[in-house]
Amino acid sequence: MVNIDKIRNGIVIDHIKSGQGIRIFNWLGLDRAKYTVAFVVNASSNRYDRKDIIKIDNTIDINFDLLGLIDPNITVNIIENEEITEKIKLKLPEKVENVILCKNPRCITSSESYIPHVFSLVSTEERTYRCEYCDEIRSAGDFR
């Protein structure tokens with residue numbers, strides 16, 4: 001059995017769908033971290049069959065909208081002095097900018113690089129978004 005010390009001041013990303021933790025770990029660049037990071041894969045879960053967990057013993061900036069695109073069921077626990085001071089329940093964001101790219105060659109974003117790629121949530125169940133300019137539908141999993 002592995003013992004993982006308590007986080008003094010940092011973040012615990014919990015209830016990650018099993019197998020998605022590595023995607024978040026890589027996106028956050030935690031392989032290059034100069035502080036302690038624990039990455040737990042396939043942990044038992046009361047809510048799900050299995051889950052991944054990332055414990056970061058440091059305070060870092062995280063784009064919660066993008067994290068919600070990866071897995072809207074994630075819970076982020078903010079830790080201060082070894083105590084949970086805040087629980088953030090993620091969800092799919094209503095609107096994202098420059099996170100999902102429009103692939104429609106006729107979209108204005110294809111020819112005008114200065115225009116932001118703006119997508120609005122269409123369906124929470126299907127996790128789909130619509131381009132604000134051309135109505136192209138993209139999946140939440142299509143983020144860059």
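How many residues lie between strand 8 and strand 9 in their hairpin, and which residue in the turn has a positive phi? Five residues lie between them, and Asp135 in the turn has a positive phi of about 70°. Keep that hairpin for later. The model you have open is predicted.

**Stop 1: the five-stranded sheet**

Select the strands of the open sheet with the order 2-3-1-4-5. Its five strands pair in the antiparallel sense. Now color the edges. Strand 2 covers residues 37–44, and strand 5 covers 83–89. Each of these edge strands pairs on one side only. Look along the sheet for its twist. On average, neighbouring strands here are turned by 20° against each other, direction ignored.

**Stop 2: strand 2 against strand 3**

Stay at one edge. Select strand 2 together with strand 3, residues 50–56. Six bridges hold this antiparallel pair in register. The two strands also form a hairpin, with five residues between them.

Check two positions along the ladder. Pick Val37; its bridge partner in strand 3 is Ile56. Then pick Ala43, which stands opposite Lys51 in strand 3.

**Stop 3: Lys51**

Center on Lys51, which sits in strand 3. Is Lys51 buried or exposed? Lys51 counts as buried because its relative accessibility is 11%, and the cut-off for buried is under 20%.

Show its contacts, leaving out residues up to four places away in sequence. Lys51 touches Val40, Val41, Asn42, Ala43, Ser44 and Ser45, among others. Its contacts also include Asp14, His15, Ile16 and Ser18. Ala43 thus appears twice on this tour: opposite Lys51 across the strands, and in the contact list of Lys51.

**Stop 4: Glu82**

Move to the loop between strand 4 (75–80) and strand 5, where Glu82 is found. Check its backbone torsion. Phi of Glu82 is near 65°, a positive value in a residue other than glycine. Color by accessibility next. Glu82 counts as partly exposed, because its relative accessibility is 36%.

**Stop 5: the four-stranded sheet**

Leave the five-stranded sheet and select the open sheet with the order 6-7-8-9. Its four strands have antiparallel pairing. Strand 6 (95–97) and strand 9 stand at the edges. Each has a single partner strand, so one side of each is left without a neighbour in the sheet. Neighbouring strands of this sheet are turned by 35° against each other on average, direction ignored.

**Stop 6: strand 7, strand 8, strand 9**

Select strand 7 (118–123) and strand 8 (128–131). They run antiparallel and are joined by four bridges. Label Ser120: it stands opposite Arg130 in strand 8. Label Leu121 too; its bridge partner in strand 8 is Tyr129.

Now follow Tyr129 to its other side. Tyr129 stands opposite Arg138 in strand 9. Strand 8 and strand 9, residues 137–139, pair in the antiparallel sense over three bridges.

**Stop 7: Arg127**

Go back to the loop between strand 7 and strand 8, the place of Arg127. What phi does Arg127 take in this hairpin? Arg127 takes a positive phi near 55°, in a hairpin with four residues between the strands. Arg127 counts as partly exposed, because its relative accessibility is 24%.

Show the contacts, again without residues up to four places away in sequence. Arg127 touches Gly68, Leu69, Ile70, Asp71 and Pro72, among others. The list also includes Leu92, Arg138, Ser139 and Ala140. Arg138 is the residue that stands opposite Tyr129.

Now draw a distance from Arg127 to Asp52. They are 75 residues apart in sequence and 21 Å apart in space, C-alpha to C-alpha.

**Stop 8: Asp135**

Finish at the opening hairpin. Select the loop between strand 8 and strand 9, where Asp135 is found. Its phi is near 70°, a positive value in a residue other than glycine. Asp135 is partly exposed because its relative accessible area is 47%.

Technical notes
Residues are numbered from 1 along each chain as its sequence is written. This is a predicted model: local features need pLDDT of at least 70, side-chain atom pairs count only at pLDDT 80 or more; totals for chains, interfaces and linings use all residues. Side-chain values use heavy atoms; hydrogens and water are left out. Two strands pair if DSSP finds at least two bridges between them. Axes are lines fitted to C-alpha atoms, for helices over the stretch in contact, and angles run from 0 to 180 degrees between N-to-C directions. Buried means under 20% relative accessible area, exposed over 50%, partly exposed in between (1.4 Å probe, protein chains only). Contact means heavy atoms within 4.5 Å.
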